[in-house]
Amino acid sequence: MPVLPRGPGRRPVALPSWLAHPLRWQRGPVPWPAVLRGALAAGPLLALGIGLGRVEIGVLAGLGALFAGFNDLPGTRRTGVVHIGLPALVAALGVLVGAVTQNALTGWWVLPVLFASGAVSGAVSVVGPVCSRAAMQGLAATVIGMGLPLPGGAGYRALWFLAGAGWLLLLRLALRPPRPAGGAMDGERASLARIFDALADALDTVGGPGAEAARRRLSAALDRGDEAVRLRRLSRLLLRRPARADELLLAERFGVATELTDAAAALLWEARPLPPRSGDGPRRLARAVRTGAPPGPLPAPESTTPARAAFDAMMVHASLVFARTTPDTDRAEDAAPLPARGSAPMLGRRVLGPVGREYGLKVAVCVTASAAVALALRADHWYWLPLTAAFLVKPDIGPLFSRVVNRCFGTALGVLVFSALAAPLGGGIWWTAVCASVAGALLPFAARHFALQTTAVTIMVLAFVWAGGDTQAALARLADTAIACAIVVVAGHLPRLTDPTARVGHLLAVALRRTRDYLDHVLIVPAGERPRERRVLRRAAYSALGEARVAAETLAAELPSRHGGNGDWFRVVAASERIVDATTACVLRMEQGAPRPSAHEGAQVVAALTAVADTLDGRAAVTGAPELPATPECDTVADVVAELHLVRDIVAGLRLPARGRRTGRPPIVTASTASTASAHSAPGGKASADNRRDQDG
């Protein structure tokens, strides 16, 4: 967080999160392949339309490529098809709906359609990141289809828009990055190698202050690898072709990575520093994945704790798997990831639930209010205000105040740059294609900061508008952006329109229910049985907790509100993550011969997790909470109980929104929990007494 100096001998003053967030800059390598694709996408398409004398074709195709460029994220080619293709289809549908509305309705009659589109977009955004991007782009494309004056029928416009997005997707599939010198490596293998790299980094931090952050990076790497391997397997099934030997080897090695990650989670939970060379084994495995060469000798085992014994056993298994040049078909199929959890009814409940309805209402009100103001001020070019509101009001792309500030600065800078170029070059329109190409190349790099991204997008959109014949758009767009930002700030903070804590509470409730499912499976299914299902449950729990953590970070950087208590959400997320870690450690302890918890103890813990999740989600009135075992008979569940005590204490102090049948905060904590929770709230996730129990499970 940025700090301000106060003078010699005085401690610096830290900026509040809501002021510091607009200054944050994402770091990382420059995505040169995406930069090349951005240069070859929108600009050349606009130039093609100008050359053919059909400027509207170039504008529509260029807009399609621009929207697709937002989704040109790092990953394999197969993930690129999903991340680019699905939002492109939804956006093309939005152009179609908008164009049909433009032909059928005029003036104020478009507002009901915008309200309905905004409500659907906001509600669908709760499903997941890809659906959220698709919903936002579908809404923005609907606004463009309604307001942008272009010739041609509705299907004509949607087709050319989709063609522009398809052109960038084709570039994504055709332009591959340079192959490494050690041999060819596809995206799935690269994802697998990154898992082993993250695993090595996590082992280096065990027992240190960066352990939890390293575990989250490892979990994120495993999520990306899981998605890549799953999509590869799905494409093979859709094409109905048998698996090749390299695909089976990849699946088997991915299973090794998953098993090692399970053991690493237990090591991070034990919080005992490891020997300095503990990360050498995973790094050798990563190098073997990249080069195709054998990993060489792995570090000698040091089985001093149950988790370390399990990790060493899995490293021995990994050396055997990597030594094979032909796959074990049965093991490869067993190691392959299962389909993602989730069903249509469950997703429908999320969309139609309280949070989905609140998000939908917030987006609908902001976009419709912006359109109404624009129609009152400037009925001929009214689309810019609701378009700006659509990109600002989405509840899952960062703090609202930060987005508004950066949008204003980015638009002002973009207008300034475009106006400076238009002054000497405004005699023709060919220069707009060059301008769009340069801005498209900057877009992947500009994604590091929202203001810089807004600058690149503003230049590209102004180039399209200028080529379409509106040469007086720049200053008007700056004023429209300022008005839209003001509307979004006011409407986005109306106390009864939406509650900023609702999203965090809902995502935490989802995460706790997935944690409950994982724990329930561990406590019921004997150790060593149904390992694939256990891995899927564990991944689902960590993924949901990752979404909840991002939402908590966003809430912490919002403007101070009457709800307060933003920092406590981080504590709930961290304690919930430690519950998953402790559950993973329980699995390994039971595989090492530790006794299984009794059915009664397991039922008590599962019921308590369910009660906390219902409290966070506001599903029903709760007048009490299931009692937890005071002193669990089985040590394998004691760590989980300790963290659950802490979660219940923190949730009891949160100011939760009253939704559904709830009328107040339920008393979910008994008097006996305070001392137990405080004994287990030290950094690192374990009390000193836990370390004394490690040897005997």
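How many helices and strands make up the secondary structure of the protein? Let's work through that and a few further exercises together.

**Before you start**

This is a predicted model, so local features need pLDDT of at least 70 and side-chain atom pairs count only at pLDDT 80 or more, while totals for chains, interfaces and linings use all residues. Residues are numbered from 1 along each chain as its sequence is written, and side-chain values use heavy atoms, with hydrogens and water left out.

**Exercise 1. Take stock of the whole protein.**

Step 1: Begin with the opening question. The secondary structure comes to 28 helices and two strands; helices (H or I, at least four residues) and strands (E, at least two) are DSSP runs, numbered from the N terminus.

Step 2: Turn to burial. Of the 697 residues, 53% count as buried. Buried means under 20% relative accessible area, exposed over 50%, and partly exposed in between, with a 1.4 Å probe and protein chains only.

Step 3: Add the surface. The protein exposes about 29100 Å², and carbon and sulfur atoms supply 63% of it. The areas come from the Shrake-Rupley method with a 1.4 Å probe; for residues, only the protein chains shown count as cover.

Step 4: Finish with contacts (heavy atoms within 4.5 Å). Among contacts with a separation of 6 or more, residues 24 or more positions apart account for 81%.

**Exercise 2. Find the nonpolar cores and follow Phe-196.**

Step 1: Recall the rule. A nonpolar core is a set of buried Ala, Val, Leu, Ile, Met, Phe, Trp, Tyr and Cys residues joined through side-chain atoms within 4.5 Å.

Step 2: Apply the rule. The largest core has 87 residues, and Phe-196, Leu-260 and Leu-616 have the most contacts inside it. Another core, of 83 residues, lies apart from it and includes Ala-41, Ile-144, Tyr-383 and Cys-485.

Step 3: List the surroundings of Phe-196. Not counting residues up to four places away in sequence, Phe-196 touches Arg-253, Ala-257, Leu-260, Pro-282, Leu-285, Ala-286, Val-289 and Phe-322.

**Exercise 3. Classify two aromatic pairs.**

Step 1: Set the cut-offs. Rings of Phe, Tyr and Trp (its six-membered ring) pair if their centres lie within 6.5 Å; planes under 30 degrees apart count as stacked, over 60 as edge-to-face and the rest as tilted. A search of the whole structure finds nine aromatic pairs.

Step 2: Try Phe-67 and Phe-70. Their pair is tilted, at 6.3 Å centre to centre and 55 degrees between the planes. Both sit in helix H4 (residues 55-70), three residues apart, so about one helical turn separates them. Phe-67 is buried at 3% relative accessible area.

Step 3: Compare with Phe-196 and Phe-322. The ring centres of Phe-196 and Phe-322 are 5.9 Å apart with the planes at 75 degrees, so this pair is edge-to-face. Phe-196 in helix H9 and Phe-322 in helix H13 (residues 306-323) are 126 residues apart, and the pair links distant parts of the chain. Phe-196 and Phe-322 are both buried.

Step 4: Look for a larger grouping. Phe-67, Phe-70, Phe-161 and Phe-391 form one aromatic cluster.

**Exercise 4. Examine the salt bridges.**

Step 1: Count. With a salt bridge taken as a side-chain nitrogen of Lys or Arg within 4 Å of a carboxyl oxygen of Asp or Glu, the total is 27.

Step 2: Inspect Asp-197 and Arg-290. Their closest N and O atoms are 2.5 Å apart. Asp-197 is in helix H9 (residues 187-204) and Arg-290 in helix H12 (residues 280-291), so the bridge ties together parts that are 93 residues apart in sequence. Asp-197 is partly exposed at 24%, and Arg-290 is partly exposed at 30%.

Step 3: Inspect Glu-56 and Arg-54. Their closest N and O atoms are 2.8 Å apart. Glu-56 is buried at 12% relative accessible area, whereas Arg-54 is partly exposed at 37%.

Step 4: Trace the network. Salt bridges link Glu-212, Arg-215, Arg-216, Arg-549, Glu-577, Arg-578, Asp-581 and Glu-643.

**Exercise 5. Check Cys-485 for a disulfide.**

Step 1: Search. With a disulfide defined as a pair of cysteine sulfur atoms within 2.5 Å, the whole structure has zero.

Step 2: Check the distance. Cys-485 is in no disulfide, and its nearest cysteine sulfur, that of Cys-408, is 3.5 Å away.

Step 3: Check burial. Cys-485 is buried at 2% relative accessibility.
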